[in-house]
Amino acid sequence: MLFRSVRAAACHSIRGLARSVSVLRTSLVKETIAGKAIYELLREDEDMVVKIMAAALVSNLVLEFSPMKDVLIGQGCMERICALAHSRELLLKVNALWALKNGAFAPFAREAVRLISYLQRATTAGRSSSAQ
């Protein structure tokens, strides 16, 4: 229980720090918090509160000016976010949809096209698992 609270609080703290462009471009990148560690917080077997906070964190880290956007996409975080957008948990769904919106907003269409393909795969996977 305690570790769950610490992970959720860490996501919330980093999300707040990520609102500062200068911190985002220096401290957070240097500490390499992105990528695999965040992906691990979005795991299916992770606590729901932690997943909600991690999805909210991702929504701040995939903004178009973020140096972490490509790292998160490369680590598979956005694919996982697409799957979480189909959650029955309302807060998780809302945070996942914000992350998708922020990740798709870019001057280049390649990110949006990539996210749409992830979302299509997640939708197809969700339909096949609910049919079983």
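**Exercise 1. Salt bridges in the whole structure**

Determine how many salt bridges a search of the whole structure finds, and which residues are linked in a network of them.

*Solution.* The structure is a predicted model. Step 1: a salt bridge requires a side-chain nitrogen of Lys or Arg within 4 Å of a carboxyl oxygen of Asp or Glu. Step 2: searching the whole structure with this criterion gives 5 salt bridges. Step 3: a network of salt bridges links Arg7, Glu40, Arg43, Asp45 and Glu46.

**Exercise 2. The partners of Arg43**

Find the N to O distances of the salt bridges that Arg43 forms with Asp45 and with Glu46, and classify each of the three residues as buried, partly exposed or exposed.

*Solution.* Step 1: for Asp45 and Arg43, the closest N and O atoms lie 2.7 Å apart. Step 2: for Glu46 and Arg43, the corresponding distance is 3.8 Å, and the cut-off is 4 Å. Step 3: buried means under 20% relative accessible area, exposed means over 50%, and partly exposed lies in between. Step 4: Asp45 has 61% relative accessibility and is therefore exposed. Arg43, with 31%, is therefore partly exposed. Glu46, with 9%, is therefore buried.

**Exercise 3. A link between distant parts of the chain**

Locate the two residues of the salt bridge between Arg80 and Glu44, and state which is buried and which is exposed.

*Solution.* Step 1: the side chains of Arg80 and Glu44 meet at 2.9 Å, N to O. Step 2: this pair links distant parts of the chain, since Arg80 belongs to helix α7 and Glu44 to the loop between α4 (36-41) and α5 (48-61), 36 residues apart. Step 3: the relative accessible area of Arg80 is 13%, so Arg80 is buried. Glu44 has 60% relative accessibility, so Glu44 is exposed.

**Exercise 4. The surroundings of helix α7**

Explain why helix α7 (residues 77-84) is described as largely enclosed by the rest of the structure.

*Solution.* Step 1: the buried residues of α7 are Cys77, Met78, Arg80, Ile81, Cys82 and Leu84. Step 2: these are 6 of the 8 residues of the helix, and therefore α7 is largely enclosed.

**Exercise 5. A nonpolar surface patch**

Identify the residues that make the nonpolar surface patch, and describe the place and exposure of Trp98.

*Solution.* Step 1: Leu90, Val94 and Trp98 make a nonpolar patch of about 310 Å² on the surface. Step 2: Trp98 lies in helix α8, which comprises residues 90-104. Step 3: Trp98 has 47% relative accessibility and therefore counts as partly exposed.

Notes:
Residues are numbered from 1 along each chain as its sequence is written. This is a predicted model: local features need pLDDT of at least 70, side-chain atom pairs count only at pLDDT 80 or more; totals for chains, interfaces and linings use all residues. Side-chain values use heavy atoms; hydrogens and water are left out. Patches are made of residues with over 30% relative accessible area and no salt bridge: like charges are joined within 9 Å, nonpolar side chains (Val, Leu, Ile, Met, Phe, Trp, Tyr) within 5 Å. Accessible areas come from the Shrake-Rupley method with a 1.4 Å probe; for residues, only the protein chains shown count as cover. Helices (H or I, at least four residues) and strands (E, at least two) are DSSP runs, numbered from the N terminus. Buried means under 20% relative accessible area, exposed over 50%, partly exposed in between (1.4 Å probe, protein chains only).
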